[in-house]
Amino acid sequence: MKLKLIITSLSSCSGCISTLLTLDIFPQFFERTEIEYFPFISDNIEIYDCDIALIEGSVTEQTQIKYLKEIRKNTKKLYALGTCSAFGGIVSLSTKKFSQPISDFVEIDGMIPGCPPPSILLGNNMIRLIENKNIILDEKNMCSTCPLRYSLKIPTLSQVERLMPKNSDIDFPEGNLICFLKKGVLCMGPITRNGCESICINQGIPCEGCMGPISKEFTSNLVNFLSLFNINEELRTYEGIFYRFSKPKLKR
Ligand code: SF4
Ligand code: SF4
């Protein structure tokens, strides 16, 4: 019997669902499941009993809490799709709106993080879900597979003074791959979950942490991590760099 699915959004940019729709395996996924409720592409307005619900986006409105609870009541398994849903995401930097992860309101059975989730990670886990298996995430940090990791050993209290690398920082001649932190550029790789295949790093962009924290002890990890560096005053006052994707999960 085919698995019945709900796929829907709360407050989001639709980037996660768009990524889902463009996966190579999506047609196969469609063949092997029965989509019960997917407002993005169908007119069904009733929420029926189903096996799996994938929720994109964070909770920013009271009415979404009722909607979310209704879905939870009608599904056997419920997963957070993307970093907004899993951690509150980029919207949580707003000073006008609250933005909370769905796990603040309903029990979740897992998450597929990323902003949006990397295609390979998403595709592999979608296959696992339709085979009735649990989601698998890497338990290591970004540095564990980063192409710049061989130069990671950095003297304590090194100066970190920039968010964006200069052109000379991202000129990576072979054999001279130097970690961003060593160049004074903030990289959140050490406290960010691995799983994106270093998409940003490979393009010369330091990790901004969109895969979210590995551990629930993120606050202390973040504080410990930052205490290793001499971070300049200007960066310290810009809280977005530290809380960009996971602010609601942190104690302020
Ligand atoms: S996690 Fe990123 S891509 Fe997904 S809805 Fe949020 S902002 Fe958009
Ligand atoms: S800190 Fe960033 S650049 Fe350095 S090894 Fe880790 S992920 Fe790579």
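Let us start at Ser227, which sits in helix α7, the stretch covering residues 218–227. Keep in mind along the way that this is a predicted model. Is Ser227 buried or exposed? Ser227 is exposed, because there are 11 other C-beta atoms within 10 Å, and a residue counts as exposed at 12 or fewer. For a sense of distance, pick out Asn167 as well: from C-alpha to C-alpha, 27 Å lie between Ser227 and Asn167, while in sequence the two are 60 residues apart.

Now step back to the whole protein chain. It is divided into two parts, with domain 1 spanning 3–130 and domain 2 spanning 142–249. Taken over C-alpha atoms, the centres of domain 1 and domain 2 are 28 Å apart. Where the two meet, domain 1 brings 17 residues to the contact and domain 2 brings 16 residues. On the domain 1 side that touches domain 2, α4 (83–87) and α5 (119–130) each supply at least two residues. Which of these elements gives the most to that side? It is α4, with three residues. As for chemical class, the side of domain 1 that touches domain 2 holds 10 nonpolar and seven polar residues, and no charged residues.

Our last stop is ligand 2. Around ligand 2 there are 15 residues, and those that come nearest are Cys143, Cys146, Cys179, Cys187 and Gly189. What classes make up this shell? The shell around ligand 2 has 13 nonpolar residues, joined by one polar and one charged residue. When you read that split, remember that Cys counts as nonpolar here and Gly as polar.

Methods
Residues numbered from 1 in each chain as written. Chains lettered and ligands numbered in written order. Predicted model: local features only at pLDDT ≥ 70, side-chain atom pairs only at ≥ 80, totals over all residues. Domains from an automatic or database assignment. Contact = placed C-beta atoms within 7 Å. Helix = DSSP H or I, 4+ residues; strand = E, 2+ residues; numbered from the N terminus. Buried ≥ 20, exposed ≤ 12 C-beta atoms within 10 Å, placed from the backbone. Near = placed C-beta within 6 Å.
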